[in-house]
Amino acid sequence: MTTTTSHFINGSWTEPGGRTFAVSNPLNDEIVAEAASGTVVDAAAAVAAAAAAFPAWANMGPSARQALFLKAADIVERRTEELVRLMAVEGGASRAFSTFQIRLSAAMLRQAAGWGYLPAGDVLRSDTPGRMALVTRKPLGVVAGFTPWNGAFYLAWRTFLLPMAFGNTTVIKPSELAPMSSGLVHAEILQEAGFPAGSFNVVTNAPGDAAAIAEVFFESLAVRCINFTGSDKTARILGERAGRALKRMVLELGGFNPVIILDDADLAESVKAVTFGAFLHQGQVCMNSRKVYVARALHDEFVSALSARVQSLKVGDPTDPEVIIGPLINDAAVEQMDLRVQDALDRGATLVTGGHADGRLYPPTILTRVPAGAICTTGSDETFGPLLVIEAFDDLEEALRDAQDTPYGLSASIMTGDRARGLDIAQRFDSGIVHVNAPTMASEASLPVGGVKASGWGRSGYYSLEDFTEIRLTTMSSEPGRYPF
Ligand code: ADP
């Protein structure tokens, strides 16, 4: 029997009923669940619940909040096997990717658990005699989060957990493509952990209904921030609307994520880092590497070693723990891959490996000698799939210029045997994240992940304090004032 999922509002699951939409396994179209098609009424109820829960949650003592977060981390780990299966059947995630997300999620919960003990502000000196100035950091209120289908489990935690750790309450609108692993399963976990009613709410919506739900968030005075993880295309629509509502936005968007392999790099390490960085989750993560610039002296050897390694990755049903490359999320993703591979080949590119899908299973695909102008190599549009372009360079400065000639600026890698040289390049690279001798996907829960330019605004980890709190100034004078009139 197919599960029918409900919304999670004010600490309870709404009665199933009304319209639903099918959530299907991207591998074989089997129905995984029927999810509730939320309406503006559901969204408004969720916002009202979050607003009502805000004062108590914002003022909860640090130890009480800490206990909840730690308990949730334990529940995440206890449910590992079930979560691995859910991420496989709903989102096509391999075991390698889902366990990576589970580890990061538990780590983030445990780190955020302690943030309630951070200093609540500063006491500043004033130039006015007898005046004390208090700067107090306060949560914003209700944060409405849009969670994506890719990296669904971890990215959903990141979308609501960080605001909650700083005292905000939340409403989540999960992706239509994976509502369970991008929000509903989190509600089960937080409910079991004993989070107060209304502190966390989830409203799912059928494809096509997102804009109406979003409008409820923009219209509500209680919603003080929209936290969006997704494509820059949708972010531009939401950003325009947020401008009219004068509402704060935090955006975690896509990236082009170049890798530069210098002539002194360790070839075997570079091959491993690029395989992982480019092909984890079939290239459907914002931090996957899309293009590698490799010093010409290493180019041919690198390409053949990389090609051999990626061909050894098992492609198939991700419920098989040996499988590394599962299906792409939908037909549109396959079509986008086909179109871009064909576009490059038509222009004279060389196909090293991959290039043809079997259903939605698209093997890792590598192109070299891609002429300028091909869609996949321009850097202006992220190819959200297992497609990697490799280019030999003679002039490092030219390669660096080209690698940054993109609207995106999320992550980049420099592979080199000379760490000081790597650090020097990294420091002048225009990107939110640059790793020296690690893949573009080298995330950790504690590190401030986030982009510059069209890759977004805001950072994860502790630095999200700046995104999800605001400061209030209070002064207190103990001497009579001196006034000019
Ligand atoms: P993807 O296309 O990869 O799913 P998007 O960034 O386009 O990623 O969408 C992510 C989220 O944005 C989803 O939850 C979706 O429902 C929502 N969304 C898409 N279009 C709109 C829109 N016009 N208004 C509000 N939300 C939207």
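This text leads through two sheets and a ligand site in a model that is predicted.

The sheet with seven strands is a suitable place to begin. Its strands follow the order S15-S16-S17-S14-S13-S18-S19, and the sheet is open, with mixed pairing. At its edges lie S15 and strand S19 (433-436), each of which pairs on one side only. Averaged over the sheet and with direction ignored, neighbouring strands are turned by 20° against each other. Two helices pack on this sheet: helix H11 (residues 331-346) touches S15, S16 and S17, and its direction makes about 25° with that of S16, while helix H13 (residues 419-427) touches strand S18 (411-415) and S19, with a direction that makes about 170° with that of S19.

Strand S16 (residues 365-368) shows how the mixed pairing arises at one end of the strand order. With strand S15 (residues 350-353) S16 runs antiparallel, and three bridges join the two; here Thr353 stands opposite Ile366. With strand S17 (residues 387-393), by contrast, S16 pairs in the parallel sense over four bridges, and the bridge partner of Ile366 in S17 is Leu388. Ile366 is thus matched with Thr353 in S15 and with Leu388 in S17. As for the side chains of S16, Thr365 and Leu367 point one way and Ile366 and Thr368 the other way, and all of these residues are buried.

A further sheet, also open, consists of three strands in the order S6-S7-S21, with antiparallel pairing. Strand S6 (121-124) and strand S21 (469-477) form the edges, each pairing on one side only, and the twist from one strand to the next averages 20°. Between S6 and strand S7 (residues 131-139) the antiparallel pairing extends over four bridges, and within this pair Asp122 stands opposite Val135 in S7.

The ligand is the remaining subject. There are 13 residues around the ligand, and of these Trp149, Lys173, Glu176, Ser231 and Thr234 come nearest. Among these, Lys173 places a polar side-chain atom 3.0 Å from an oxygen atom of the ligand, and Thr234 likewise has a polar side-chain atom 2.5 Å from a ligand oxygen atom. In the case of Ser231, however, a polar backbone atom is the one that lies 2.5 Å from an oxygen atom of the ligand. Taken alone, the ligand exposes 550 Å², of which the protein buries 75%.

Note on methods
Residues numbered from 1 in each chain as written. Predicted model: local features only at pLDDT ≥ 70, side-chain atom pairs only at ≥ 80, totals over all residues. Heavy atoms only, no water. Pairing = 2+ DSSP bridges. Axes fitted to C-alpha atoms, helices over the stretch in contact; angles between N-to-C directions. Buried < 20%, exposed > 50% of the residue type's maximum accessible area, 1.4 Å probe, protein only. Near = heavy atom within 4 Å. Polar contact = N/O pair within 3.5 Å; in protein donor to acceptor, adjacent residues only side chain to side chain. Areas by Shrake-Rupley, 256 points an atom, 1.4 Å probe, with all protein chains shown as cover. Contact = heavy atoms within 4.5 Å.
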